[in-house]
Amino acid sequence: MALRRIVNKSEDILRKKCKPVENFDEKLGILLDDMAETMYKANGVGLAAPQVGILRRAVVVDVGEGLLELINPEIIKSKGSQRAVEGCLSCPDDWGYVVRPNEIIVKGQDRNGKNIQLKLKEFFARAVCHEVDHLEGQLFIDIADEMVDPDEM
Ligand code: NI
C-alpha cells in the first residue's frame with residue numbers, strides 16, 4: 001500500500017466526469033488499497049478516485065462502521081433530507097452546510113465485480129452522496145447553502 005497525493009480543489013481534474021471501472025483487476029485493488037490508506041492518514045471519512053488523480057468511478061468510505069469500497073456506485077433511491085456541515089480532503093480550509101437525502105439505496109460493485117446494494121442513512125448516506133458527487137466532477141462547495149468560518153469549527 002502507498003499514500004497518494006490528494007488533489008486540491010484548484011486542480012481541473014476534480015471538475016471532470018469519471019469513466020466507469022471496467023477491469024476488476026489487480027490494478028483496481030492497488031488503487032482501492034492506496035485510497036483507503038490515504039483517507040485514513042488524512043483523517044477523512046471518504047475519498048473518491050479523482051481525488052488521487054484517477055478519473056474512474058471508485059470511492060472508499062469509512063464513517064466508523066468499517067471500510068466500504070464502492071465501484072460504479074449509483075444512488076437508485078433517496079428519501080427525506082438532512083442538512084449538516086461537510087468538509088472535503090480536497091478543500092482543506094472549507095466547511096459548509098449541505099442538504100442531502102436522509103436515506104439512500106446505493107448499488108454498485110465490490111472490488112471483484114460482484115454486485116452490491118446497500119440501504120444507508122444519516123451520516124453514512126451523506127458521505128456516500130458526497131463521494132458520488134466527486135465522480136460527476138462536483139464538489140460540496142458548489143452546492144453548500146452556507147459556508148462556515150473555519151475558526152468556528
Ligand atoms: Ni470530498
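In this predicted model, strands E2 and E3 form a hairpin with 6 residues between the strands, and Gly-64 within that hairpin has a positive phi near 105°. The report starts from this hairpin and proceeds to the sheet, the helices, the nonpolar cores and the nickel site.

**The sheet**

Strand E2 (residues 58-61) and strand E3 (residues 68-79) run antiparallel and are joined by 4 bridges. On its other pairing, E2 meets E1, again in the antiparallel sense, over 3 bridges. Strands of a sheet pair through backbone hydrogen bonds, and the pairing may be parallel or antiparallel. Individual bridge partners around E2 are listed below.

| Residue | Partner |
|---|---|
| Leu-47 | Val-60 in E2 |
| Val-60 | Glu-69 in E3 |
| Val-61 | Leu-68 in E3 |

These strands belong to an open sheet of 5 strands, in the order E1-E2-E3-E6-E7, with antiparallel pairing. Strand E1 (46-48) and strand E7 (115-121) are the edge strands, since each pairs on one side only. On average, neighbouring strands of this sheet are turned by 35° against each other, direction ignored.

In a regular strand the side chains alternate between the two faces of the sheet. Are the residues of E2 buried on one face or on both? Both faces of E2 are covered: Ala-58 and Val-60 are buried on one side, and Val-59 and Val-61 are buried on the other.

**The helices**

Helix H1 (residues 26-41) lies across E1, E2 and E3, and runs at about 40° to E2. Helix H2 also packs on the sheet, where it touches E1, E2, E3, strand E6 (103-109) and E7. The direction of H2 makes about 155° with that of E2.

**The nonpolar cores**

The largest nonpolar core has 17 residues. Among those with the most contacts inside this core are Val-61, Leu-70, Val-106 and Phe-124. E2, E3, E6 and H2 each supply at least two residues of the core, and H2 gives the largest share, 7 residues. Leu-70 illustrates such contacts: leaving aside residues up to four places away in sequence, Leu-70 touches Arg-57, Ala-58, Val-59, Val-106, Gln-109, Ile-116 and Val-128. A second, separate core has 12 residues, including Met-39, Val-52, Ala-58 and Ile-71.

**Two residues with positive phi**

Asn-72 is found in strand E3. Although Asn-72 is not a glycine, its phi is positive, at about 50°. Because its relative accessibility is 16%, Asn-72 counts as buried; the limit for that class is under 20%. Glu-122, found in helix H2, is another residue other than glycine with a positive phi, near 50°. Glu-122 has a relative accessibility of 44% and therefore counts as partly exposed.

**The nickel site**

Which residues coordinate the nickel ion? The donors are Cys-88 through SG, His-130 through NE2 and His-134 through NE2, at 2.1 to 2.2 Å. Their spacing in sequence is C-x41-H-x3-H. Cys-88 lies in strand E4 (residues 82-88) and His-134 in helix H2 (residues 122-135), so this pair ties together parts that are 46 residues apart in sequence. Cys-88 and His-134 are both buried.

Helix H2 thus links several topics of this report: H2 packs on the sheet, supplies the largest share of the largest nonpolar core and contains the nickel donor His-134.

Definitions and conventions. Residues are numbered from 1 along each chain as its sequence is written. This is a predicted model: local features need pLDDT of at least 70, side-chain atom pairs count only at pLDDT 80 or more; totals for chains, interfaces and linings use all residues. Side-chain values use heavy atoms; hydrogens and water are left out. Donors are N, O and S atoms within 2.8 Å of the metal (3.2 Å for Na, K and Ca); water is not among the atoms, so sites may look incomplete. Buried means under 20% relative accessible area, exposed over 50%, partly exposed in between (1.4 Å probe, protein chains only). Two strands pair if DSSP finds at least two bridges between them. Axes are lines fitted to C-alpha atoms, for helices over the stretch in contact, and angles run from 0 to 180 degrees between N-to-C directions. Contact means heavy atoms within 4.5 Å. A nonpolar core is a set of buried Ala, Val, Leu, Ile, Met, Phe, Trp, Tyr and Cys residues joined through side-chain atoms within 4.5 Å.
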